[in-house]
Amino acid sequence: MHEYSIVQAMFDRIEETARAHHARGVRRVSVRIGRGAGVEIALLRTAYETFRAGTLCEAAAIDIEEVPVRWGCPHGHGELRIGMGLSCAECGSPARLISGDEIILDRLELEVA
Amino acid sequence: MCDTCGCGDPELVSVPVHERILATNERVARHNREHFQDAGVLAVNLMGSPGSGKTAVLEATARAVAGRARIGVLVGDLATDNDAQRARAAGVVAEAITTGSACHLDAEMVHRGLHRLPWRELDYLFIENVGNLVCPAVYDLGEDVNVVALSVTEGEDKPVKYPTMFRKADLVLLTKVDLLPHLPGVQVERIQENLALVMPEPRLLRVSASTGEGIEAWLSWLRGRAAAGALRRTAGTPRGARADEASAGPAAARG
């Protein structure tokens, strides 16, 4: 249940950003979560709904964009095809993760006076 | 705010942030990592299910290196310092980090734990994470290497069920291999195949804490990683420092 810790860390970042913009509140929170990041989207949503009461995010909806896991060749032979193993079909190099492990606060819609 | 014409309504602005949510943890982890590298300590984040044999591996490691290298252990558990006591009984310095309800260690907990341990005098610091195959994978502690203990009784498909944990592992220790003769249904090849589906460079070492099988290979892997770390440090020092001095191990490299 580290989704609760992630939401707490997210509120810290939101508060910093809101303060920097002298915002009165937050209307919308957009995050990007990789499918390989080890974060359960449903639990993240529940944690957000549980903790937002009494915070700047009280009236803010959350948008969660899921990012697929993609692997690529570290020597420039492009992206690996899904289900073909984790080494490059051309040069045999072990693949490198291109995307899918992000836990990112992407955008905020802020109420400013 | 005016109900008639809406004057005074807040203005909405859309602000791009593009920040990693766990940036604070990552900052503390970076700080821990710099500490470890400056002091020439190889920090190992040891993860695995509850009961996978993490503490037993550490006990066997402590027995095997007795007098050859200095080992310390930070043990994360929800409650009790039982595992720290076991490590101390095996002859190494150990402190418990009691997490309360937290299902994982984070970099700040490790940093606080370091204050209670003479970690600068060590060659190897093992951070035994909370028994859990999900949450610990998300938190960087500042470790040099991630090691996952997977016992032979846990099921051959564990790697594909918990891909994030195994993807981040530098090494998987297949523990309790002395039980394999009693488990005709368990095929190590199947575990290896499943690891290859989630780890680009699957590395599996078979160990048994009770018979000592594989422990020398495990120590040799650790020495290799420590030497690689020392080599990187030496490469960063002024000309005249010899990189090959590092290959004798972290204690020798520190002179």
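In what order do the 7 strands of the open sheet in chain B stand? Select chain B and follow them as 4-3-5-2-6-7-8, with parallel pairing throughout the sheet; strands here are DSSP runs (E, at least two residues) and helices likewise (H or I, at least four), numbered from the N terminus, and two strands pair if DSSP finds at least two bridges between them.

Before going on, note that this is a predicted model, in which local features need pLDDT of at least 70 and side-chain atom pairs count only at pLDDT 80 or more, while totals for chains, interfaces and linings use all residues. Residues are numbered from 1 along each chain as its sequence is written, chains are lettered from A and ligands numbered from 1 in the order in which they are written, and side-chain values use heavy atoms, with hydrogens and water left out.

Next, colour strand 4 (93-98) and strand 8 (204-206) of chain B, which stand at the edges with a single partner strand each, so that one side of each has no neighbour in the sheet. Strand 4 of chain B is joined by 6 bridges to strand 3 (residues 71-77) of chain B, running parallel to it, and B:G72 can be found opposite B:V93 of strand 4.

Now add the helices. Helix 4 (residues 107-114) of chain B packs on the sheet, touching strand 3, strand 4 and strand 5 (124-128) of chain B, and its direction makes about 130 degrees with that of strand 3; contact means heavy atoms within 4.5 Å, and angles, from 0 to 180 degrees, are taken between N-to-C directions of axes fitted to C-alpha atoms, for helices over the stretch in contact. Helix 7 of chain B lies across strand 6, strand 7 (171-175) and strand 8 of chain B, at about 155 degrees to strand 8.

Then show B:A137, B:D140, B:E143, B:N146 and B:K168, which lie nearest the centre of the largest pocket among its 25 lining residues. A pocket is an open set of points on a 1 Å grid over the protein atoms alone, where a 1.4 Å probe fits, with protein on both sides within 12 Å along at least five of seven lines, and lining residues have an atom within 4 Å of a point. Helix 1 (23-39), strand 2 (42-48) and strand 6 (145-151) of chain B each supply at least two residues of this lining.

Finally, the second largest pocket has 18 lining residues, and those closest to its centre are A:V69, A:W71, A:L86, B:L197 and B:V198.
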